[in-house]
Amino acid sequence: MSQQNWRSWNENKVHSYQNLYTPKTEAKLQEIVQQNESVRVFGGRFSSSDINAGTDTLIDITQYNNVLHIDKATKQITVQAGITLKTLIETVQNEGWCIPC
């Protein structure tokens with residue numbers, strides 16, 4: 001893969017990278033991590049930090065975003081790391097629950 005640039009949402013941070021992966025499953029995420037010496041993970045690009053500096057391999061977790069389990073007895077929801085807050089809140093509300101303030 002040729003060199004490309006990762007940009008934060010407001011474009012105040014720019015870092016070069018060689019490889020970009022967008023896993024949808026835990027197995028694929030594990031495979032990517034095992035096959036690369038160093039990785040950095042990002043989601044919605046809302047951070048203006050240097051989170052993606054210093055590595056050639058990036059993992060975009062925006063597609064790793066499923067609700068895995070809803071336990072109605074304990075009122076716990078298990079989700080993948082790429083879930084958005086909007087989707088999580090909608091899931092919680094669909095169960096008739098709310099997130100405490």
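**Warm-up.** Which residue of strand 5 is the bridge partner of leucine 20? In strand 5, leucine 20 has leucine 58 as its bridge partner.

Before going on, some ground rules. This is a predicted model, where local features need pLDDT of at least 70, side-chain atom pairs count only at pLDDT 80 or more, and totals for chains, interfaces and linings use all residues. Residues are numbered from 1 along each chain as its sequence is written, and side-chain values use heavy atoms, with hydrogens and water left out.

**Exercise 1. Work out how strand 5 is paired and where its side chains point.**

Step 1: get the vocabulary straight. Helices (H or I, at least four residues) and strands (E, at least two) are DSSP runs, numbered from the N terminus. Two strands pair if DSSP finds at least two bridges between them.

Step 2: look for partners. Strand 3 (residues 19–21) pairs with strand 5 in the parallel sense over 3 bridges. Strand 4 (residues 40–42) also runs parallel to strand 5, joined by 3 bridges. Here phenylalanine 42 has aspartate 60 as its bridge partner in strand 5.

Step 3: sort the side chains. Thr57 and Ile59 point one way from strand 5 (residues 57–60), while Leu58 and Asp60 point the other way. That fits the usual rule: in a regular strand the side chains alternate between the two faces of the sheet.

Step 4: check burial. All four of these strand 5 residues are buried, where buried means under 20% relative accessible area, exposed means over 50%, and partly exposed is in between (1.4 Å probe, protein chains only).

**Exercise 2. Describe what surrounds threonine 55.**

Step 1: place the residue. Threonine 55 sits in the loop between strand 4 and strand 5, and at 7% relative accessibility it is buried.

Step 2: find its polar contacts (pairs of N or O atoms within 3.5 Å; within protein, one must be able to donate a hydrogen and the other to accept it, and residues adjacent in sequence count only if both atoms are side-chain atoms). A polar atom of the threonine 55 side chain lies 2.9 Å from the backbone oxygen of serine 38. The threonine 55 side chain also reaches the backbone nitrogen of threonine 57, at 3.5 Å.

Step 3: list the other contacts, meaning heavy atoms within 4.5 Å. Leaving aside neighbours within four places in sequence, threonine 55 touches Ser16, Tyr17, Ser38, Val39 and Arg40.

**Exercise 3. Do the same for glutamine 80.**

Step 1: glutamine 80 is in the loop between strand 7 (76–79) and helix 2. Is glutamine 80 buried or exposed? With a relative accessible area of 7%, glutamine 80 is buried.

Step 2: its side chain reaches the backbone nitrogen of asparagine 66 at 2.7 Å.

Step 3: beyond neighbours within four places in sequence, glutamine 80 is in contact with Lys24, Tyr64, Asn65, Asn66 and Leu68.

**Exercise 4. Describe the hairpin.**

Step 1: strand 6 (residues 67–71) and strand 7 run antiparallel, joined by 4 bridges. Valine 67 stands opposite valine 79 in strand 7.

Step 2: the two strands form a hairpin with 4 residues between them, and lysine 75 in the turn has a positive phi of about 55°.

**Exercise 5. How many salt bridges does a search of the whole structure find?**

Step 1: the search gives 3, counting a side-chain nitrogen of Lys or Arg within 4 Å of a carboxyl oxygen of Asp or Glu.

Step 2: glutamate 31 pairs with lysine 28, closest N and O atoms 3.1 Å apart. The two are 3 residues apart in helix 1, so about one helical turn separates them.

Step 3: glutamate 90 and lysine 86 meet at 2.9 Å, N to O. Both lie in helix 2, 4 residues apart, about one turn of the helix. Glutamate 90 is partly exposed at 35% relative accessibility, whereas lysine 86 is exposed at 59%.

Step 4: glutamate 95 bridges to lysine 72, with the closest N and O atoms 2.5 Å apart. Glutamate 95 lies in the segment after helix 2 and lysine 72 in the loop between strand 6 and strand 7, so this pair ties together parts that are 23 residues apart in sequence.
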